[in-house]
Amino acid sequence: MVEFDLDRYLRNSKKVDLSGIEWSRIPDHPLSTGDVMCLHYMMDIETHTVIYLRDLLATRVAIDPQITAFLSCWVYEELWHGEAFSDFLRSYGIEVPAEPKLPDGSTPMPTHPNRWRNLRVRLGVGNGLGILPTMLGSMMTRDFAAIHMMWGAVNELTTLTGYHALMRRCDHPELHKLLRKVIRDERRHFAFYRAQAKARMQRSRVARRLVRSVLKALWTPVGAGVKTEEEVDALALYLFGDGPEGREQIREIDRTISDVPGLDGLTLLEDYLDNALRRVAERPGWAGIQAMPAPVTASANGDAPVPAHWATVGAARDD
Ligand SMILES: [Fe+2]
Ligand SMILES: [Fe+2]
């Protein structure tokens with residue numbers, strides 16, 4: 001029994017509706033260096049989803065038609081999350097590296113081809129060697145899919161909590177609008193992955209043991225592997241290491257994970273935060289913690305046209 005209305009999700013799936021954002025007002029409100037760091041990180045990770053999907057489909061997860069139907073819509077929604085952050089940063093006046101422009105100043109899709117190409121070449125995407133261990137593992141046990149489903153649940157929950165944390169750290173009104181819309185999608189993603197993982201772990205003791213041991217031994221925060229350890233630490237510390245509220249958000253993630261059968265008592269997120277704090281204490285200057293972040297002022301970016309593709313989304317979803 002999977003506690004998720006897949007039919008409803010598939011019928012309602014569409015690109016995130018950002019038609020209410022006042023794009024021309026984005027440069028009017030300052031972002032801190034930390035805010036900009038978070039937005040770059042989030043943009044890169046959202047856009048990297050398709051590579052994660054490639055690895056997933058190389059496993060026996062691809063046999064399950066419910067999962068592949070979900071993944072088909074999920075990867076489309078994640079692409080538009082990446083585009084949303086990309087357009088937001090560009091409207092603010094930041095584009096690293098600069099991308100080719102059409103004569104009217106707009107940018108052809110995908111909006112950051114140079115950035116994505118650089119990232120994927122650096123990671124060695126294309127040679128496929130990284131897929132092999134995952135494929136071999138999935139051939140060994142049918143419970144392997146439970147690992148991917150739970151891993152996805154933790155990723156989605158961490159992501160949406162990270163967006164809430166950025167709203168706490170940054171009071172940019174247009175960014176708040178954007179994040180609220182993206183968070184609604186992430187909640188649905190999380191609900192699917194958790195329901196799939198829970199159903200598989202409820203029925204199988206092997207799955208419960210497998211998922212628990214893999215998470216304990218191998219889990220890393222979303223974005224690790226794409227980003228360096230120092231970048232992951234910088235993000236974790238900026239969003240959650242700033243005081244009791246950040247720590248409470250982290251504990252809430254751990255509590256939600258602990259509620260899944262077989263995972264009681266796990267404290268993956270809080271352990272990571274404590275380890276990041278330890279690395280800072282041992283290495284002064286690590287993750288840029290000593291420096292006082294200066295505001296990144298929006299450049300007088302009159303030549304960045306307001307992105308037009310967000311106005312084309314239809315009526316709001318009925319969910
Ligand atoms: Fe997303
Ligand atoms: Fe998501």
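This is a conversation about two iron sites and a helix pair in a predicted protein model.

Trainee: What should I know about the model and its numbering before we begin?

Mentor: The model is predicted, so local features need pLDDT of at least 70 and side-chain atom pairs count only at pLDDT 80 or more, while totals for chains, interfaces and linings use all residues. Residues are numbered from 1 along each chain as its sequence is written, chains are lettered from A and ligands numbered from 1 in the order in which they are written, and side-chain values use heavy atoms, with hydrogens and water left out.

Trainee: What makes a residue a donor of the iron ion (ligand 2), and which residues are they?

Mentor: Donors are N, O and S atoms within 2.8 Å of the metal (3.2 Å for Na, K and Ca), and because water is not among the atoms, sites may look incomplete. The OE atoms of E78, E156 and E186, together with ND1 of H189, lie 2.0 to 2.7 Å from the iron ion (ligand 2), and therefore they meet the limit of 2.8 Å. E156 lies in helix α7 (residues 144-169) and E186 in helix α8 (residues 173-203), so this pair ties together parts that are 30 residues apart in sequence; helices here are DSSP runs of H or I with at least four residues, strands runs of E with at least two, numbered from the N terminus.

Trainee: Which residue coordinates both iron ions, and how far apart are the ions?

Mentor: E78 coordinates both, and the iron ion (ligand 1) and the iron ion (ligand 2) are 3.6 Å apart.

Trainee: Why is E78 called buried?

Mentor: Buried means under 20% relative accessible area, exposed over 50% and partly exposed in between (1.4 Å probe, protein chains only). E78 has a relative accessible area of 3% and is therefore buried, H81 counts as buried at 0%, and E156 does so at 5%.

Trainee: Why are α4 and α8 called roughly antiparallel?

Mentor: Axes are lines fitted to C-alpha atoms, for helices over the stretch in contact, with angles from 0 to 180 degrees between N-to-C directions. Angles under 35 degrees count as roughly parallel, over 145 as roughly antiparallel, 65 to 115 as roughly perpendicular and the rest as oblique. The axes of α4 (residues 65-92) and α8 come within 11 Å and cross at roughly 160°, and the two helices are therefore roughly antiparallel to each other.
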